[in-house]
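Student: I have a model open in front of me and would like a close look at one part of it, the place where the two chains meet. Could you walk me through that, and then through the surroundings that help to make sense of it?

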Amino acid sequence: MAIRAAATSAPTARSSSALSLPPPISSSSSYSSAQLSFGRAKSTTRPRTTVGCAISCTMTREAAAVTSTEKDDSDPALWSRPDSFGRFGKFGGKYVPETLMYALTELESAFNSVKNDPDFQASKLCISAVKAELGGILKDYVGRETPLYFAERLTDHYRRPNGEGPHIYLKREDLNHTGAHKINNAIGQVLLAKRLGKKRIIAETGAGQHGVATATVCARFGLECIIYMGAQDMERQSLNVFRMRLLGAEVRGVHSGTATLKDATSEAIRDWVTNVESTHYILGSVAGPHPYPMMVREFHKVIGEETRRQAMEKWGGKPDILVACVGGGSNAMGLFEDFVKDKDVRLIGVEAAGLGLDSGKHAATLTKGEVGVLHGAMSYLLQDDDGQIIEPHSISAGLDYPGVGPEHSFLKEKGRAEYYCVTDEEALEAFKRVSRLEGIIPALETSHALAYLEKLCPTLPDKTKVVLNCSGRGDKDVQTAIKYLKV
Amino acid sequence: MNYACKTHHSAMKSHFTHFRTIAGHRNHYPQVVCANPVVFEGNGRATRSKFDSSALRLNYKPGSPTTELPKGRVAILVDDDAAKPPSTGKFGRFGGKFVPETLISCLEELEVVFRQALRDPQFQEELTTALKDYVGRETPLYYAERLTAHYKAQNMGRGPDIYIKREDLTHCGAHKMNNALAQAMIAKRMGLTAVVAATGAGQHGVATAAACAKLGLSCTVFMSTADMEKQPSNVDLMNLLGAKVEPTAGSFKDASSESIRVWAGQLGEVYYLAGTAVGPHPCPTMVREFQSVIGRETRRQAAEKWGGTPDAVVACVGSGSNALGIFHEFVSDPTVRLIGVEAAGFGLDSGKHAATLAAGEVGVYHGAMSYLLQDEEGHIVRPHSVGVGLEYPGVAPELSFLKESGRMEFCSATDKEAVEAYRRVARLEGIIPALEASHAFAYLEKLCPTLPDGAKIVVSCSGRGDKDAAMVSTYMSR
C-alpha cells in the first residue's frame, strides 16, 4: 500500500502499523463518522487502496488516537459504548451458545435500521410528530413525557439551618402506564419484534413488574406472550401473576435452582435457543448479550433526553447530579445516557445493601462483586470462590439481581459514575419519608436512590440541582412496607 | 344527613322565617331549609360564635379580579361575577343547600374563596404547575386500535372509532386527584391546616391523603369498616401517606355523615374536602369545575386528532364527578351525545344495584336535592356494585338536572358485564381499567352496533384497575 505524504508528517512506517490496529469499527458503534475523519476525507473511502495525504494524516491521527486512548481515556465522547463486538471496554460482549449468534446479529441489524428511521424514532418526535410510531405510542399509550417535578417539601427537609441546600427534582417515571420505567423498553422491543415478523414473545421476571410490562405490550399488539417466573417468586407475587394472566400472557413457573429470577432468566434463554426463529426475547434490563444492553439503553434514553429539555425550561441549565437506583441498571442508564458526555454532570447509582454489606445478604454487585460472565455478558457479579452465583438479597425484588449491566461496570471502572449502596432499612425509611413529605409512594427500588439523599445532600453546595429518577410507584410494595414499618 | 326528604317544599317554607330569626343571619335570597334539623346527632350545637364569620379566621389574600387568564393555564371558567352574592347552587330544581344554619355561613365563605381563587392568576399558575408536574396532566386521548377492531369485526368491519381518555395515568391512578389537589390548595389558601374527608372505595381518600402530604396539611379520612375490608390496599396507602383513617359503622353514606359532623363541630379549623359532585352548594360546583379539566383537554385533543368533537362521550356514574368532568365541556354542544353508565349490580330488578338515575326518586340527601335510592319510608337504600366507587345511593344534582332536561342519556351495566369488560380491555389493549370505569366499557357492547362507521366515541377511563385485581380474581373463581 503506497501512501504518499504531501503536507503532513505521515511516515510510511506508521501506515504499515495499520495491520496492528484494533478490529475495524462497524457502523453500529457510537463513533460518529466525523470522529473517524473518513467522512471528511472527501477523496476516498478505503485507506488501503487510495493515495492521498489526507488519508495518511487521518490514519496517523486515528492510530495515535487509538493508541493514546488506551493510556488517557478520560473523554467520554471518545469511548465506544459499545464497540462492534458489544463490549464496553472489557465488559459486555456476547457470551452465548452458537445457536443464538445469528438471532443476536439479526436483532442488532434490525435495531440499527430502525434507530435512525424517522418513522420509528422516539423521544424527539414524541411531542412534535404523533405520526412516528414509537413516539405516538409513548405519548398516547405510555403517557410520556413524564414530568420533572420539583419536590418542594423534600428540598425543605434537606435544607440546612442556614437556609442552604440542594434543589431536588424527581423524574416521574412512576406516572408511566404500568407504573414503572420498564414499559419504555418493552414497547420499543415489541415494535422491533413485529418488524422482524416474530409472533411469539418471551420474557423473564422477578417480582413481576417486567412481566406485567411485557404482557401489557403483547396484549396491546396482539402477540403471544410467555413469561418465565421463579416458582418461589410466583408464590410471593400471586397478584402480579394474576395480572399477567389477565393480560393474556402465559406464566410458566421455573422450579430449577433457587426458583428465582436468575433461574427464570436461564430458562427463558433456553426457550429462546430452542425457538429462535419464531420468538423474540424481551430482556428487561441493560444486561445480557449484545445488542441487549445497548438496545435497552437506547429505548430508555428518552428519560434523560426529556430531563435535559425540562431542566433547560425550568432553570435554564443542566442538572448537576443525577441519582438512580441500580438493579440490572436500565432506569439508571436511561437517565444517565444523554449526560454521559457532559463531564460536569455527576452520575450516581445506588445499589441494594440488603441486610448490610458484611452480612452477605445484599445485592451490591458493583461494590462487592467480581468480574465474570453471567447471562451472556462480562460484568461485575456476585460469585463465591467456586464461581457459583451467590443468591442476592434485597427487600426490593427489582434490585435483587446478582449481576449488573456491563455498561455500569464500564462507567464505574472509568470513574465516570459513582456507585454506592443503601440497606433495606434505609430504603424503607426513605419510602415512608417521601410518602409523607410529597404524597408520592415510590417503589422500594426507587427508595434506595431516595435514601442516598440522606448522605448526599449535606455535602452539596447551595442550589445544586439534583435530579433523581423516580423509577416506579410503590403501590406494589405497600404490603411489604407495612409489615416492616408497622405503620 | 341520613334522612331523605320526600316532603314538599311548601311544608318546609313555613319554618323558614323561624330559622331566619334564630340564625340572625342575613338571608336576602330564597333558601329552602328542611323542617327537621335532627341531622348531626350530638354535634353541631348552634352557638353564637358559629354565626360570626370573623370566627372563621380566613387568612387568604383576596385576589383582584382579572379579565383574562394567561395562556397555557388550566383555565377554569367562571360564570359568576365575584361581586354577586353567593348563589343558591341550583340546577333547575336540583342542588341547593339543605343544611343546618351552622353550615350556611361556612359554605358561603367557601364559595367566595373558591371564586376568588379561580380569578387569582397566582393560584391558577400554582394549580397548573401542580396538575402538570405532580398529577401528570395532561392525560392522553388514546386511540384504542384493538378495541375498535374488535367491535368492527362483530359488525362486518363497520363501527365507531374508540378513544380512551386516560385518567388512569394520573398520580394515584384515578381522576379523584384533580379535585383533591385543587381543594387542598384552597384549604391552604384559607389558612387551614387540617382536612377531613370521607371515602367509599378509598380512591378519594388516597388522593386527599397524597395532596395533604404534598401541601403539609394534616388529613383525616372517614371510611366505613365494610369498605375498609373490601379495599384494604387503599387503607394501607392512606396510612403510608400520613393520613389518619377513622373507621365508621355502616357504609359510605355513614362515613360521609360522620365527616360532615366533624366539620360542623370544628368550623374554622378544619376543611371538608368533598370527593364528588354531591353535597350542598358550592361543593358540586367546585368539584365539577376542578374535574372539568378532563373535558377541556378532550376537546383540544379531539380537535388535534380528527379535527372535530366526539360524537359520543361515555363515562361511568357513581356520584358523578368523572362524568361531569368530561361532560361539562360538551354540555352546550348538542352534537355530542353524553352517556352515563351506572351500576346495575345484580340487575335492576334485583334491588341490589346502584343505578340512582334509572331507579331512584327525587329527594334531599347530603345537603342537596337530587335523585336518590330510597325505600317507601324515605330511608336510604344500601346500594351494591362490584365497582365499589359506584356504590353511592345518590347522584350529583347537576347530573339529575342533565337527565331531566334530556341532555344526558343514562343506562347501566351489571356486575357481570363490568367484569367481562375489565377482562376484555385488559386482554385487547393491555390497559386494566378500574371496575368503575369498566362499567363504561361494558356499555360499548350495546352502543357500538348502533353507531355509524367511523363515529368517534370517547370513553373516560376514570381510573386504573390494579386495586380491583383481587376482587376480580375472587369473582371469577366463584
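Tutor: Here is a walk through the interface first, followed by the cores, a few loop residues and the salt bridges. Please keep in mind throughout that this is a predicted model.

Let us start with the contact between the chains. On one side, 40 residues of chain A take part, and they are in contact with 43 residues of chain B. Together the two chains bury about 3,500 Å², and carbon and sulfur atoms give 58% of that area. Three residues stand out on the chain A side: D140(A), R220(A) and L246(A) supply 17% of the area that chain A buries against chain B, more than any other three residues.

The interface has a polar side as well. Across the interface of chain A and chain B there are 22 residue pairs in polar contact, counting pairs with both residues at pLDDT 80 or more. Several elements of chain A each supply at least two residues to the side that touches chain B, namely α6 (133–142), β3 (148–150), α9 (209–221), α11 (238–246), α18 (424–438) and α20 (478–485). Of that side, the largest share comes from α18(A), with five residues. Seven salt bridges also cross between chain A and chain B. K314(A) forms a salt bridge with D133(B), and their closest N and O atoms are 2.7 Å apart.

It helps to set this beside chain A as a whole. Its secondary structure comes to 20 helices and 14 strands, and 61% of its 487 residues count as buried. The accessible surface of chain A is about 19,000 Å², with 52% belonging to carbon and sulfur atoms. Among contacts in chain A between residues at least 6 apart in sequence, 72% join residues at least 24 apart.

Now for the nonpolar interior. The largest nonpolar core has 99 residues, and the members that touch the most others are I187(A), W272(A), L147(B), F441(B) and L444(B). Helix α18 of chain B (residues 435–447) gives the most to this core, eight residues in total. Apart from this core lies another, of 86 residues, including V434(A), C457(A), C470(A) and L127(B). For a closer view of one core member, look at W272(A): leaving aside neighbours within four places in sequence, its contacts include L100(A), L104(A), I202(A) and Y292(A).

Two neighbouring loop residues of chain A make a nice pair to examine. K198(A) sits in the loop between α8 and β5 of chain A, and so does K199(A), with α8 spanning 182–195 and β5 spanning 200–205. K198(A) counts as buried because its relative accessibility is 6%, whereas K199(A) is exposed at 61%. A polar atom of the K198(A) side chain lies 3.1 Å from the backbone oxygen of E277(A). Beyond neighbours within four places in sequence, K198(A) is in contact with residues including E106(A), V276(A), E277(A) and H280(A). The corresponding contacts of K199(A) are L223(A), E224(A) and S278(A).

In chain B, S319(B) offers another buried loop position. This serine is found between β9 (312–316) and α14 (321–327) of chain B, and its relative accessibility of 9% counts as buried. Its side chain makes a polar contact of 2.8 Å with the side chain of T276(B). Leaving aside neighbours within four places in sequence, S319(B) also has V278(B), Y392(B) and L399(B) among its contacts.

Finally, the salt bridges. Over all chains the count comes to 68. R288(B) and E289(B) meet in one of them, at 2.7 Å from N to O; R288(B) is buried, with a relative accessible area of 5%, and E289(B) is buried, also with 5%. R299(B) forms a salt bridge with D333(B), where the closest N and O atoms are 3.5 Å apart. R299(B) lies in helix α13 (residues 293–306) and D333(B) in the loop between α14 and β10 (337–345) of chain B, so this pair ties together parts that are 34 residues apart in sequence. R299(B) counts as partly exposed at 27% relative accessibility, while D333(B) is buried at 17%. In chain A, salt bridges with shared partners join R81(A), R297(A), E298(A), K301(A), E305(A), E337(A) and E407(A) into one network.

Conventions:
Residues are numbered from 1 along each chain as its sequence is written. Chains are lettered from A and ligands numbered from 1 in the order in which they are written. This is a predicted model: local features need pLDDT of at least 70, side-chain atom pairs count only at pLDDT 80 or more; totals for chains, interfaces and linings use all residues. Side-chain values use heavy atoms; hydrogens and water are left out. A nonpolar core is a set of buried Ala, Val, Leu, Ile, Met, Phe, Trp, Tyr and Cys residues joined through side-chain atoms within 4.5 Å. Buried means under 20% relative accessible area, exposed over 50%, partly exposed in between (1.4 Å probe, protein chains only). Helices (H or I, at least four residues) and strands (E, at least two) are DSSP runs, numbered from the N terminus. Contact means heavy atoms within 4.5 Å. A polar contact is a pair of N or O atoms within 3.5 Å; within protein, one must be able to donate a hydrogen and the other to accept it, and residues adjacent in sequence count only if both atoms are side-chain atoms. Accessible areas come from the Shrake-Rupley method with a 1.4 Å probe; for residues, only the protein chains shown count as cover. Buried area is the accessible area (1.4 Å probe) that two parts lose on being put together, summed over both. A salt bridge is a side-chain nitrogen of Lys or Arg within 4 Å of a carboxyl oxygen of Asp or Glu.
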